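Q: Please take me through one part of this structure up close. I'm new to this, so go step by step and link the part to what lies around it.

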Protein chains: 4
Amino acid sequence: MGYTEKHYTEVRKAQQKAYAPYSQFKVGAYLITKDGQTFHGANVENAAYPSSICAERSALVAAISQGYRPGDFESITITVDSPELASPCGPCRQVIKELCDDDMPVYMTNQTGEMREATVAELLPYGFSGKDLDL
Amino acid sequence: MGYTEKHYTEVRKAQQKAYAPYSQFKVGAYLITKDGQTFHGANVENAAYPSSICAERSALVAAISQGYRPGDFESITITVDSPELASPCGPCRQVIKELCDDDMPVYMTNQTGEMREATVAELLPYGFSGKDLDL
Amino acid sequence: MGYTEKHYTEVRKAQQKAYAPYSQFKVGAYLITKDGQTFHGANVENAAYPSSICAERSALVAAISQGYRPGDFESITITVDSPELASPCGPCRQVIKELCDDDMPVYMTNQTGEMREATVAELLPYGFSGKDLDL
Amino acid sequence: MGYTEKHYTEVRKAQQKAYAPYSQFKVGAYLITKDGQTFHGANVENAAYPSSICAERSALVAAISQGYRPGDFESITITVDSPELASPCGPCRQVIKELCDDDMPVYMTNQTGEMREATVAELLPYGFSGKDLDL
């Protein structure tokens, strides 16, 4: 399908739900499943900064909590209020790696609607995954 | 309102969504808002263990991502497959503290339906919050 | 032995190592082992807030990385630049619970040298630990 | 200077300090500063899996807690007990990005002494950093 105007409209709606009283840096995520369901995600900050949770992870855990499983996702779009394009933090890349296909696209947008695309594998080269655990 | 049989039925449904291939320890959370909406949460593990996210936080960030704000929650119920009663980990207590009223009840259940209740404040004595930041 | 002036002097030194460019909220920790070794800890923030690490955990993982094991610790002292007494966040309480005796004292101080003491067990009532995993 | 046999000897020593009772997956890190100091890091697990901390971060926060600052580091070497080469998880890449130069080498080794090298920038393409916060 690929990226459309709707991806941007929706991710900007998601972003408005952000709870970011400490950084004032609002992030939104818009997750689409292969069977056509969608999930909004927003960052949820905490006075104890390390307990904050990002938009990408908010969307993904919401989907898993409704029964979706690793591999069920078609794309994730993220946005920020900045001229810089959004970019997932390391922990979000790790969670995306666990739950999404290596070739799934991540659409990174900014406040003016520009977009950069990368796959999950490109964002976490030599990514650590279950097969490294060698259990 | 208080704890009812429905709380337990629902939290056990939430628990079935857990993605816990590493610990096999499935946790469920059932969050109720003051205006009567409900959210399921399940734990979402990761091959990189520290990137795992708990059931309580899954439910709370899903709610925030749909527009709920701190103080909008009436109760959270959690459950595990163990004779021990479920108990939120430290990070979950910190997130609950940020988003829920100090006197909100946390219902901790186990596999046989026993329940223990504590308030948010009781679970995080001298809890760290925004007013400690003294910004 | 109990809390002495030296605890406060040392924890204030540790605090000066804090890397806190985002919150400007510098935290220090001073960890003492049962065999008399000491470790400084400081908070280490990150532009991606959830990847920040607190002072208490910095001190504890430094000690484990030098060979200390759970149960080897005598006390931990923490401090902040605020009239409020320092208080460990939820994640730090969880790590302290894993690595320290339940009756180990946590000394919480502030910028003027006031101190409040609590045990590990008091800071994480019904704390989640290895025995809950029921492995 | 580059990677030498000593890097491997030291990182294997660091690994032996790992506290990994839940995954049995022991990880070691060996950090060298530009002024020639060295730090061992080991992973420190937790019954509550998300509260675990990795070897790379253990080494880095120990160094910051002794006064080292971002940019003071020359290399980090990591190792695991697996035929697969060690690879930093997403959160560790985020912390390395914050504290280390973009062209600093990360040496990833395995149980038989093989080694792969990548820079910080290569491990976190389009990495999120302080300049994205646009504060």
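A: Let's start with A:Tyr49 in this predicted model. Leaving out residues up to four places away in sequence, A:Tyr49 touches A:Tyr22 in its own chain, B:Leu133 in chain B, and a set of chain C residues: C:Tyr22, C:Ser23, C:Glu45, C:Tyr49, C:Pro50 and C:Ser52. Is this tyrosine buried or exposed? Its relative accessible area is 6%, and the cut-off for buried is under 20%, so A:Tyr49 counts as buried. Some of those contacts also belong to a ring group: A:Tyr22, A:Tyr49, C:Tyr22 and C:Tyr49 form one aromatic cluster.

Where along the chain are we? A:Tyr49 is found in the loop between E2 and H2 of chain A. A:Val44 is found in the loop between E2 and H2 of chain A too. With a relative accessible area of 3%, A:Val44 is buried. Its contacts, again skipping residues up to four places away in sequence, are A:Tyr19, A:Ser52, A:Ile53 and A:Ser58, plus B:Val61, B:Ile64 and B:Leu99 from chain B. Both residues carry a label from a record as well: UniProt, in an unreviewed entry, places the feature "binding site" at A:Asn43, A:Val44, A:Glu45, A:Asn46, A:Ala47, A:Ala48 and A:Tyr49. Take that label with some care, as such annotations may be inferred rather than shown by experiment.

Now for the two elements on either side of the loop. E2 belongs to an open sheet of five strands in chain A, with the order E2-E1-E3-E4-E5 and mixed pairing. Strand E2 (38-42) is an edge strand, and so is strand E5 (115-119); each of them pairs on one side only. On average, and ignoring direction, neighbouring strands in this sheet are turned by 20° against each other. Helix H2 (residues 55-64) packs on the sheet, where this helix touches E1, E2 and E3 of chain A. The direction of H2 makes about 140° with that of E2(A).

Over at the E5 edge, strands E4 and E5 of chain A run antiparallel and are joined by five bridges. One facing pair to look for is A:Pro105, which stands opposite A:Thr119 in E5(A). As background, strands of a sheet pair through backbone hydrogen bonds, either parallel or antiparallel.

Back to the chain B contacts of A:Val44: how are chains A and B related? A rotation of 180°, with 0.0 Å of shift along its axis, superposes chain B on chain A with an RMSD of 0.0 Å. The two copies are thus related as by a two-fold rotation axis. In chain B, the C-alpha nearest that axis belongs to B:Ala62, at 2.6 Å from it. What's more, 100% of the interface residues of chain B are also interface residues in chain A, so the copies meet through the same surface.

One last look at rings. Over all chains, a search of the whole structure finds 22 aromatic pairs. Take A:Tyr68 and A:Phe73: their ring centres are 6.4 Å apart and their planes sit at 45°, so this pair is tilted. A:Tyr68 is buried at a relative accessible area of 12%, and A:Phe73 is buried at 1%.

Notes
Residues numbered from 1 in each chain as written. Chains lettered and ligands numbered in written order. Predicted model: local features only at pLDDT ≥ 70, side-chain atom pairs only at ≥ 80, totals over all residues. Heavy atoms only, no water. Pairing = 2+ DSSP bridges. Helix = DSSP H or I, 4+ residues; strand = E, 2+ residues; numbered from the N terminus. Axes fitted to C-alpha atoms, helices over the stretch in contact; angles between N-to-C directions. Contact = heavy atoms within 4.5 Å. Least-squares fit on C-alpha atoms with pLDDT ≥ 70 in both. Buried < 20%, exposed > 50% of the residue type's maximum accessible area, 1.4 Å probe, protein only. Phe/Tyr/Trp six-rings, centres within 6.5 Å; stacked < 30°, edge-to-face > 60°.
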